[in-house]
Amino acid sequence: MSSPVLAVDGLSVTFETRRGPLHALRDVSLSIAAGEILGVVGESGAGKSLTGTAVIGLIEPPGRIVGGSVTLRGRRIDGLDVKAMREVRGREIGVVFQDPLTSLNPLLRVGNQLEETIRTHLGLSRGAARQRALGLLAEVGIPAPAERIDHYPHQFSGGMRQRVVIALALAADPVLLIADEPTTALDVSIQAQITGLIKRLCRERGMAVMLVTHDMGVIAETADRVAVMYAGRVVEEGPVDAVIHRARHPYSRGLMGSIPSMRRRMDALSQIDGAMPRLDAIPQGCAFHPRCPVRVEACHHERPDLAGPPGHRAACLLVAAEAAHAGA
Amino acid sequence: MPAPDTILEARDVSCHFDVSPPWLTRVVERRGRRILKAVDGVSFRVRRGTTFSIVGESGCGKSTLARLVVGLVQPTAGTIAFGTAPDAQGKPRTPRLQMIFQDPYASLNPRWTVEDIVAEPLHELKLRQGAAISARVGELLSLVGLARTDASRYPHEFSGGQRQRISIARALATEADLLVCDEPTSALDVSVQAQVLNLMRGLQAELALTYVFISHNLAVVRHMSDDLAVMYLGRFVETGPAEGVFEGARHPYSRLLLDTIPDIESPNRERAPLTGEVPNPINRPRGCAFAPRCSLATDLCRSERPELGGRGDVAVACHHAA
Ligand SMILES: Nc1ncnc2c1ncn2[C@@H]1O[C@H](COP(=O)(O)OP(=O)(O)OP(=O)(O)O)[C@@H](O)[C@H]1O
Ligand SMILES: Nc1ncnc2c1ncn2[C@@H]1O[C@H](COP(=O)(O)OP(=O)(O)OP(=O)(O)O)[C@@H](O)[C@H]1O
Ligand SMILES: [Mg+2]
Ligand SMILES: [Mg+2]
């Protein structure tokens, strides 16, 4: 097997606060091959965005990477200096942040922002950059791009701005796309256009994608593999179909169960009881045990590592016991 | 004066933006003024204590309509009128409006702590005094699944979904009678989303709150709505009781919209987006705006704009709606 485009190994991120350190990411490992889409899911606050932020070197003090490594196409990129990292970010890694507005300058026309990125990273002429910008806007479904390219961000709708940010992230032909909730503001049809575009770039150019989203429908139709995060850790990782339909970790099973159905209206949506622990109060043992319907005594003090057959692993003592049993 | 249980009534409301290039460019390139019709002749009525939802393609004018309702933009034509809502003593007064914005981060002041943000409407509207303010802030935070101790932190210290919940807590603090929610739960995972939506429904039942609700998540819309409007390029193409529209959508666009929902039970990995030309609000087609993408379109559709009308509760704007 060829080496992955992105390899994150044992990554830990801590925020130093007055009340002591907050361990926001602990021992996170992921890898994404060329042409592959890894979906990252998990409850609000689980550490999905932070994982992306750490990969692109944008963790800000008081936060810092306290362990692990990030490797892009065989080259360590954690610890690069600011300038080198900015180069990597524009050219090799395209980023769609969760707050699309933070990537757009409200004072610049949409077209100028795209052309600027294209010219800096691809070295195209002014005219060629404008053509590429127009093409990108059309690909993300902006109506009448020639007419809209010289508008300002505030003249676009929320979903149109989100699409401009996607166009910006793809502008320099990155090898890795980190897309944090890229389709939240989009209707299903335009969503299909965007995910179709991303899939095509994976297939044709071998782009690797880290797709963060809480929309399981998008995951089911787009991702190849899925990583489920909980309280700063990856608790399950496997092929998309297996994770959705045969989730091993009790948290993942609860997550799949609380998806509202389109088929009928429910009186109350099902929710996993309780809340994810706060970073300053992560329990001993398995972080999920206080909410877990199948916990056993050992879960209170023993922290499970990812276990199970390679390819579909879960961090749960029961899964580990099962795997050991099957192996014995 | 709107009917007694009506809290909001919009009549033939339009909102047009002038997006013309600068004068000199227009002269040099011999181009006229360009008018973008974000909302174009929309009428609807919202009953107190109910949820009126608006769905439709990105860019079709939903947020603009929301901004018209709360008065952030003025209609180019048409009127928006409000009924009344009872105050604490049960006396009728003009309803209090509040909006939850589509961009949660942009609507939170980064220099304020969460406490400042959520407490502001309490001070501003004199809803609580003294120590009761902090207590209320703590209460609201736990209602949306945050911790009381989060009150002393700043917005940037939170995840996207946590920030969205801060703006929901703030909106709930206003005790507004009419809450305009623009994608209020788009950044929330299913579990937290369920918690917030259940909370909103609970408050609605208890306090007779009215919601104008915008979301791309049709499962959520179905869960929340009493009435529903499907919008296409600045106009309503189908409107009526939500269950009626969900069960028997008649406009070809509504049908398409309801058919294309991704479903984890039967994922369609080769999903195709809508084909045909993406509609342009600056240069609307003459007849039905959906005609260029509609498989049923005839010459009539391309020349004459269908008006909303129909059988029973559901009104449809289509020449061929069965
Ligand atoms: N600057 C900061 N200071 C302290 N804590 C922080 C800071 N930034 C993030 N965190 C915490 O780190 C945790 C993970 O945040 P992250 O943004 O990665 O969540 P997420 O999984 O992306 O959630 P969401 O789905 O809500 O976007 C959260 O609990 C958040 O409060
Ligand atoms: N201030 C403005 N000036 C010019 N055009 C505008 C302005 N605000 C909105 N528009 C345009 O009006 C149309 C409708 O925008 P609106 O934000 O209402 O869409 P929306 O339905 O909320 O879309 P989304 O689902 O993407 O948020 C879009 O074409 C948008 O570009
Ligand atoms: Mg996030
Ligand atoms: Mg909008």
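Before I come to the hairpin, let me say that two strands are taken to pair if DSSP finds at least two bridges between them, and that what you see here is a predicted model.

With that in mind, please look at chain A, where a hairpin connects strand 1 to strand 2 by way of two residues. Strand 1 of chain A covers residues 6-17 and strand 2 of chain A covers residues 20-32, and the two run antiparallel with nine bridges joining them. To give you one position to find on the screen, Val8(A) stands opposite Leu30(A), the latter being in strand 2 of chain A.

Let me now turn to ligand 1, which is surrounded by 20 residues, the closest being Ser44(A), Gly45(A), Ser49(A), Ser159(B) and Gly161(B). Because the residues surrounding ligand 1 come from chains A and B, the site is shared between chains. As for secondary structure, helix 1 of chain A (48-55) and helix 5 of chain B (160-173) each contribute at least two residues to this shell. The shell around ligand 1 is made up of six nonpolar, ten polar and four charged residues.

Which residues come within polar reach of the oxygen atoms of ligand 1? From chain A, a polar backbone atom of Ala46(A) is 3.1 Å from an oxygen atom of the ligand. From chain B, a backbone N or O atom of Glu157(B) lies 3.0 Å from a ligand oxygen, while the side chain of Gln162(B) places an N or O atom 3.1 Å from an oxygen atom of ligand 1. On its own, ligand 1 has 640 Å² of accessible area, and the protein covers 93% of that.

Methods. Residues are numbered from 1 along each chain as its sequence is written. Chains are lettered from A and ligands numbered from 1 in the order in which they are written. This is a predicted model: local features need pLDDT of at least 70, side-chain atom pairs count only at pLDDT 80 or more; totals for chains, interfaces and linings use all residues. Side-chain values use heavy atoms; hydrogens and water are left out. A residue is near a molecule or strand if one of its heavy atoms lies within 4 Å of it. A polar contact is a pair of N or O atoms within 3.5 Å; within protein, one must be able to donate a hydrogen and the other to accept it, and residues adjacent in sequence count only if both atoms are side-chain atoms. Accessible areas come from the Shrake-Rupley method with a 1.4 Å probe; for residues, only the protein chains shown count as cover. Helices (H or I, at least four residues) and strands (E, at least two) are DSSP runs, numbered from the N terminus. Ala, Val, Leu, Ile, Met, Phe, Trp, Tyr, Cys and Pro count as nonpolar, Asp, Glu, Lys and Arg as charged, and the others, Gly among them, as polar.
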